[in-house]
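Student: I would like a close look at a single part of this model, with the criteria behind each term spelled out.

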Amino acid sequence: MNDQPSQRGNLLLSHKGGPLGTSTLTFRGLHALTFRGLHVLAIRGLHVLAFRGLHILTFRGLHTLSFKGLHVLVFRGLHTLAFRGLHILAFRGLHALAFRGLHVLPFIGLHALTFRGLHVLTFIGLQNLTFIGLHAVTFRGLHVLAFRGLHALAFNGLHVVPFIKLHTFTFRGLHILAFRGLHALTIRGLHVLPFRGLDILTIRGLHVLAFIGLHNLTIIGLHNLPFIGLHALAFRGLPILAFRGLHAIAFRGLHVLTFIKLHALTFRGLHALDFRGLHALAIRGLHILPFRGLDVLATRPGLQRAARRLL
């Protein structure tokens, strides 16, 4: 392992040759690790990077954090991981990224977050995950993205979030999921997207929300689902869309809502369904549309006759 700065303000951790055992970097019992004023931190050819018992890991003023060829990155017992002023965070060829026991993970001022070739991304026991001022998040080739026990997930001012060929996207025990100022959210090739125990899902100022090739979207136990200022919501090739135990769903200011080749759309226990300000509602190829326990259905006058025909 060579630990040397390639130039002033840069830190390069690289491994050249040698057996597999020499390509492991482990921090045990370290309380605080801080990087201040570092421009570039690059980790190349390292197979395993493990932090065990670390309490605080802070990056301040770091421009680029790059992982190339890293197979496993593990954080165990970490309390706080903070990125402030980071411009680029890139993972290339990473197989597994696990956060266990992490309480707070804030990204402040991050421009681009990219995962390429990542198979599994797991957050266990994370209480707060916040993205502020992030421009782009890209997941390419990610198989599993799981959040277990997460209390709050917030995207503030995010422009683009594309998920490409994601197989499983799971939220368990999430209380609050908020998208504020998000321009585009695209999910392609996702097989399963379940929300369990989610209390509040808020989407504000989103221009485009697209699900392409999604097989199953299930929301269980959600109390409130508001879409405020959303321009277009499209589901393409989704066989099943189910809401169980949802109290209120509101589409305000939505221009176009399109379902293409949707087989079953189910609402169980829904109290209020509000389509006010919706310009166009298109459902193509729908086989089943049951509303069970719906108390209030509010639409603008032009959609009331279509709604009565559906019901």
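Student: Which strand do five bridges join to strand 9 (residues 72-76), and do the two run parallel or antiparallel?

Tutor: A word on conventions comes before the strands. This is a predicted model, in which local features need pLDDT of at least 70 and side-chain atom pairs count only at pLDDT 80 or more, while totals for chains, interfaces and linings use all residues. Residues are numbered from 1 along each chain as its sequence is written, and side-chain values use heavy atoms, with hydrogens and water left out.

The partner is strand 12 (residues 96-100), which runs parallel to strand 9 and is joined to it by five bridges; two strands pair if DSSP finds at least two bridges between them, and strands are DSSP runs of E with at least two residues, numbered from the N terminus. Within this pairing, Arg 76 has Arg 100 of strand 12 as its bridge partner. Arg 100 is in turn bridged to Ile 124 in strand 15, and strand 12 is joined to strand 15 (residues 120-124) by five bridges, again in parallel.

Aromatic side chains add a further set of links. Phe 99, Phe 115, Phe 123, Phe 139, Phe 147, Phe 163, Phe 169, Phe 171 and Phe 195 form one aromatic cluster, and the structure holds twelve aromatic pairs, where rings of Phe, Tyr and Trp (its six-membered ring) pair if their centres lie within 6.5 Å, with planes under 30 degrees apart counted as stacked, over 60 as edge-to-face and the rest as tilted. The rings of Phe 139 and Phe 163 are stacked, because their centres are 4.9 Å apart and their planes stand at 5°. Since Phe 139 belongs to strand 17 (residues 136-140) and Phe 163 to strand 20 (residues 160-164), this pair ties together parts that are 24 residues apart in sequence. Phe 139 is buried, at a relative accessible area of 7%, and Phe 163 is buried at 6%, where buried means under 20% relative accessible area, exposed over 50% and partly exposed in between, computed with a 1.4 Å probe on protein chains only. The rings of Phe 169 and Phe 171, by contrast, form a tilted pair, because their centres are 4.7 Å apart and their planes are at 50°; Phe 169 is buried at 7% relative accessibility, and Phe 171 is buried at 2%.

Notes:
Helix = DSSP H or I, 4+ residues; strand = E, 2+ residues; numbered from the N terminus.
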